[in-house]
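The following note is offered to a colleague who is meeting this structure for the first time. Please read it alongside the sequence and the model.

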Amino acid sequence: MKIAVILNSLSPAGTNIATKDFVDELIKSHNCKVDIYTLKAFSKGDLIFENVKKLNFFSVIPFDKYDVIYSCTLKSDVYVFLTKKFFIKNRKVKFVSTMHNVIEEDLFYDYGLLISKIFSRFWLFLKFDNDELVVSSESMMKYYQRYVNKNKMTLIEYGRSEKSLTNFEVQNNDRERILKLKEKYKIVGTIGVFSKRKNYALVAELLVKYKDLCWVNLGSGEEEENIKHIVKSEGLENRVLFLGNRPDSRPYYIFFDVFFHPSRSEGFALVLIDAMSNKTPILLARLSIYQSILKDDMVSYFDLDNNDSLFEAFDRIMQDRCFTEMCIEKAYETYLKRFSISVYGQKYFNLFKF
């Protein structure tokens, strides 16, 4: 089987990481031939794929030499749509795209109401023109059934390997700084892009209330300076460590006492699967997409815009060890049954081959 994967870029963002996971598994376990095409020039810190080629909107990929064309992000969906309409002749090619979040909701948090209304409809139009649409959770399946025939959608939950990238370890400088903080504090860990949607200002709320906590974050983004301003204004600089992006975050979970994910809107985040596989306690915003998979005996939920709920959920993790150990073990069992890399790759292989 030969597959073309079209991406906006090779940056270590969640969607690209999820794509790399199943691509690597298809190559390793199913002997598929996969070509990666990126619309953005290569840059430092990009994910590493085999068979990568740069293209632009004036390039024409010979789609007819592939069995499957896969896209997932807005620019890649636009490119595939235009190429398919004007240049493709072989209709035996299968076109597959993905929907892992509520597009209008995510665009609203990142760009505002007007942009979200206009571009969400445009993007969904592009998505629905594909042969198959992949969603990563039952809640997404139910949501999008209002717009597209259920038979056109396939549920494939994310899968992750417990092991990190080959030969990747925590950098010595990172390790030293983290361990120095750990001598005095419990560590709240976050991993993700700094954006309004991610809601990381809540971490400062925890640090203000709990003087024995520090914050270690992996990520960067447009809201980073605003978050740093909050940290400085609250006098928390000596308890916060911003590490920036790393090629693989999985080896960092071992340092976290709590993994905190306060996002206001999300697909089923890969970082949650990594926390589950690393047996790290999870403090999580109560969103329907999470609750459909992670039950109340697997994580500690809090209600958004309710600090009392946040502090109560955090206290339970830190003070009720029996509850926390139960959550860790049940979350890990769920990871093994539903989110292993082998299960993930097999589901994509089954989808692509028919």
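The points below take up confidence, the sheets and the packing of helices in turn.

1. Confidence. The structure is a predicted model. Its mean pLDDT is 90, and 96% of the residues reach 70 or more. Among the elements of the protein, strand β11 (residues 258-261) has the highest mean value, 98, while helix α3 (residues 103-111) has the lowest, 67.

2. The sheet of 7 strands. An open sheet with parallel pairing follows the order β3-β2-β1-β4-β5-β6-β7. Its edges are occupied by β3 (52-54) and β7 (153-155); each has a single partner strand, so one side of each lacks a neighbour in the sheet. On average, and with direction ignored, neighbouring strands here are turned by 25 degrees against each other.

3. Pairing within that sheet. Strand β1 (residues 2-7) and strand β2 (residues 33-38) run parallel and are joined by 6 bridges. Within this pairing, L7 stands opposite T38 in β2.

4. Helices on that sheet. Helix α4 (residues 113-128) packs on the sheet and touches β5 (94-99) and β6 (132-135). The direction of α4 makes about 145 degrees with that of β5. Helix α13 (residues 341-353) lies across β1, β4 (68-71), β5, β6 and β7, and runs at about 140 degrees to β5.

5. Helices α2 and α4. Helix α4 also meets helix α2 (residues 74-86): the two axes come within 9 Å and cross at roughly 50 degrees. The pair is therefore oblique, and the crossing is left-handed. From α2, the contact involves L74, D77, V78 and F81; from α4, F119, F122, W123, F125, L126 and K127 take part. By class, these residues comprise 8 nonpolar, no polar and 2 charged.

6. The sheet of 6 strands. Another open sheet, also with parallel pairing, has the order β10-β9-β8-β11-β12-β13. Here β10 (240-242) and β13 (300-302) are the edge strands; with a single partner strand apiece, each has one side left without a neighbour in the sheet. The average turn between neighbouring strands, direction ignored, is 20 degrees.

7. Pairing at the β10 edge. Strand β9 (residues 213-218) runs parallel to β10, and 3 bridges join them. N217 has F242 as its bridge partner in β10.

8. Helices α9 and α12. How do helix α9 (residues 270-277) and helix α12 (residues 321-338) cross? Their axes come within 8 Å at an angle of roughly 115 degrees. The helices are therefore roughly perpendicular to each other, and the crossing is left-handed. I273, M276 and S277 of α9 meet A331, Y332, T334 and Y335 of α12. The residues of this contact divide into 5 nonpolar, 2 polar and no charged.

9. Helices α11 and α12. Helix α12 has a further contact, with helix α11 (residues 307-319); their axes come within 6 Å and cross at roughly 90 degrees. This angle makes α11 roughly perpendicular to α12. R316, I317, M318 and Q319 of α11 make the contact with R321, F323 and T324 of α12. This contact has 3 nonpolar, 2 polar and 2 charged residues.

Notes: Residues numbered from 1 in each chain as written. Predicted model: local features only at pLDDT ≥ 70, side-chain atom pairs only at ≥ 80, totals over all residues. Heavy atoms only, no water. Axes fitted to C-alpha atoms, helices over the stretch in contact; angles between N-to-C directions. Helix = DSSP H or I, 4+ residues; strand = E, 2+ residues; numbered from the N terminus. Parallel < 35°, antiparallel > 145°, perpendicular 65-115°, else oblique. Left-handed = near helix turned anticlockwise from the far one by under 90°. Contact = heavy atoms within 4.5 Å. Nonpolar A, V, L, I, M, F, W, Y, C, P; charged D, E, K, R; others polar. Pairing = 2+ DSSP bridges. pLDDT = per-residue confidence, 0-100.
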